[in-house]
Amino acid sequence: MKNNATPSSKDLIHTAIWQETPEADNPFATRAAYCRGYDVYGAMAGNARWMEMLWLLLRAELPAGPELDILEALAVALANPGPRDASVHAAMCGGVGGSTAASSLMAALAVGAGRSGGAREVHDAMTMWKRCGADLAAWRAFHAASAHDPVDVWPEQSHLPGFDPHGAATPLPVRQLLATLDRMGAGPGTTWLHAGLEDARAAAGLPLAMCGVAACVLHDLGFSPDEGEMLYLLLRLPGAAAHALEQKAVGFKRFPFYKLELDPAATPPVPVSVPASAAIEKEAA
């Protein structure tokens with residue numbers, strides 16, 4: 001006789017991250033939940049930091065050093081890229097247009113996921129750090145070899161990942177964040193990049209970007225390129241959410257961007273529609 005109290009193997013969920021025990025009177029209601037063995041609602045809530053929870057979702061053990069403080073400092077710096085950032089701008093357009101909350105955040109994720117300042121560029125830069133280390137010549141070779149990579153869903157790398165193709169000089173916030181994370185002990189890559197910032201700029205022919213700092217630090221913290229890509233997407237969402245809510249409240253008349261101005265020399269004239277009767281009269285004349 002089959003014992004109905006013993007679950008089928010097809011009913012079991014296999015994950016090393018999360019474990020749940022059910023209520024006695026309802027197998028679908030959770031009595032206790034454990035993240036890597038830590039009681040989330042009975043011990044972590046009210047005692048643990050958000051960064052500790054985030055770390056445990058990706059790692060089996062909490063770090064013993066300053067890694068949590070470093071990740072938190074990076075999270076503060078990335079929390080709001082600002083309204084001029086394309087991902088935040090996309091969320092603002094969703095908010096001012098009356099889109100749902102999920103739509104605004106999905107717009108920010110989609111626009112901020114790419115290879116030009118987005119999460120995929122962080123993935124590329126972390127892959128470069130993993131393969132090349134602190135070797136500027138190897139960085140240039142890595143970028144040159146990317147042109148021969150198999151075709152995938154991403155556009156071709158147009159510049160050395162982690163650097164700003166439109167920049168003139170390394171912005172102050174980038175230099176400040178790099179210095180802060182180096183002072184906190186982020187790791188050898190961060191220290192090397194901070195000390196040789198101008199050498200890296202000369203090798204790339206471009207100034208370092210914020211995504212380049214994030215990639216370096218996340219690599220130093222031991223995250224994989226896939227994990228870094230996910231974290232970069234996640235950590236930039238608070239600003240997108242806040243600006244979308246603000247724009248939804250103030251309306252389109254106060255949208256903080258000027259009307260698009262096109263170069264007349266490069267813009268074809270807009271065809272003028274002619275009523276059918278006028279066209280017939282012209283032909284008759």
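Before I turn to the structure, one term: a residue is called buried when its relative accessible area is under 20%, and exposed when that value is over 50%. The structure shown here is a predicted model, and the term will be needed from the outset.

Let me begin with a single residue, Thr 170. Thr 170 sits in the loop that connects helix 7, residues 136-146, with helix 8, residues 172-183. Is Thr 170 buried or exposed? Its relative accessibility is 8%, and because the limit is 20%, Thr 170 counts as buried. Which residues does Thr 170 contact, once neighbours within four places in sequence are left aside? They are Arg 175, Leu 197, Arg 201, Pro 207 and Leu 208.

A little further along the chain comes Val 174, a residue of helix 8. Val 174 has a relative accessibility of 4% and therefore also falls under the limit for a buried residue. If residues up to four places away in sequence are not counted, Val 174 touches Leu 208, Ala 209, Met 210 and Val 213. Leu 208 thus appears in the contacts of Thr 170 and again in those of Val 174. Val 174 can also be placed relative to Ala 77: the two are 97 residues apart in sequence, while their C-alpha atoms are 9.5 Å apart in space.

With those two residues in view, let me give the chain as a whole. Its secondary structure amounts to 14 helices and three strands. Of the 285 residues in the chain, 35% are buried. The accessible surface is about 17400 Å², and carbon and sulfur atoms account for 59% of that surface. Considering contacts between residues at least 6 apart in sequence, 62% of them join residues at least 24 apart.

I turn next to the strands. The three strands form an open sheet in the order 1-2-3, with antiparallel pairing. Strand 1, residues 18-23, and strand 3, residues 38-39, are the edge strands, each pairing on one side only. How many bridges join strand 1 to strand 2? There are six, and the two strands run antiparallel. Within this pairing, Thr 21 has Ala 32 of strand 2 as its bridge partner. Strand 1 and strand 2 make a hairpin, with two residues between them.

Strand 2 covers residues 26-35 and pairs with strand 3 over two bridges, again in the antiparallel sense. Here Tyr 34 stands opposite Asp 39 of strand 3, and Cys 35 stands opposite Tyr 38 of strand 3. These two strands also form a hairpin with two residues between them, and Arg 36 in the turn has a positive phi of about 55°.

Helix 9, residues 188-195, deserves a separate look. Its buried residues are Gly 189, Thr 190 and Leu 193. These residues lie on the same side of helix 9, because they cover an arc of only 95° around the axis. As general background, an α-helix has 3.6 residues a turn, so residues three or four places apart point the same way. The face turned away from the buried side carries Pro 188 and Ala 195, both exposed. What covers the buried residues of helix 9? The cover includes helix 6, residues 119-132, together with helix 7, helix 8, helix 10, residues 197-204, and helix 11, residues 210-220.

Finally, I come to the empty space in the model. The largest pocket holds about 810 Å³ of space. Its lining comprises 34 residues, and those lying nearest its centre are Pro 81, Asp 85, Gly 117, Met 210 and Arg 236. Met 210, one of these, was already mentioned as a contact of Val 174. Helix 3, residues 67-78, helix 4, residues 86-96, helix 8 and helix 11 each provide at least two residues of the pocket lining. Which element gives the largest share of that lining? Helix 8 does, with four residues.

Apart from the pocket, the whole structure holds two cavities of 30 Å³ or more. The largest cavity contains about 60 Å³ of space. It is lined by Ser 87, Ala 108, Leu 109, Gly 112, Leu 233, Arg 236, Leu 237 and Ala 240. Two or more of the lining residues come from helix 5, residues 101-111, and likewise from helix 13, residues 237-250. Arg 236 belongs to the lining of this cavity and is also among the residues nearest the centre of the largest pocket.

Definitions and conventions
Residues numbered from 1 in each chain as written. Predicted model: local features only at pLDDT ≥ 70, side-chain atom pairs only at ≥ 80, totals over all residues. Heavy atoms only, no water. Buried < 20%, exposed > 50% of the residue type's maximum accessible area, 1.4 Å probe, protein only. Contact = heavy atoms within 4.5 Å. Areas by Shrake-Rupley, 256 points an atom, 1.4 Å probe, with all protein chains shown as cover. Pairing = 2+ DSSP bridges. Arc of directions from axis to C-beta. 1 Å grid on protein atoms, 1.4 Å probe; cavity = no way out; pocket = protein on both sides within 12 Å on 5 of 7 lines; lining within 4 Å. Points joined across faces, edges and corners; volume = space filled by probe spheres on them.
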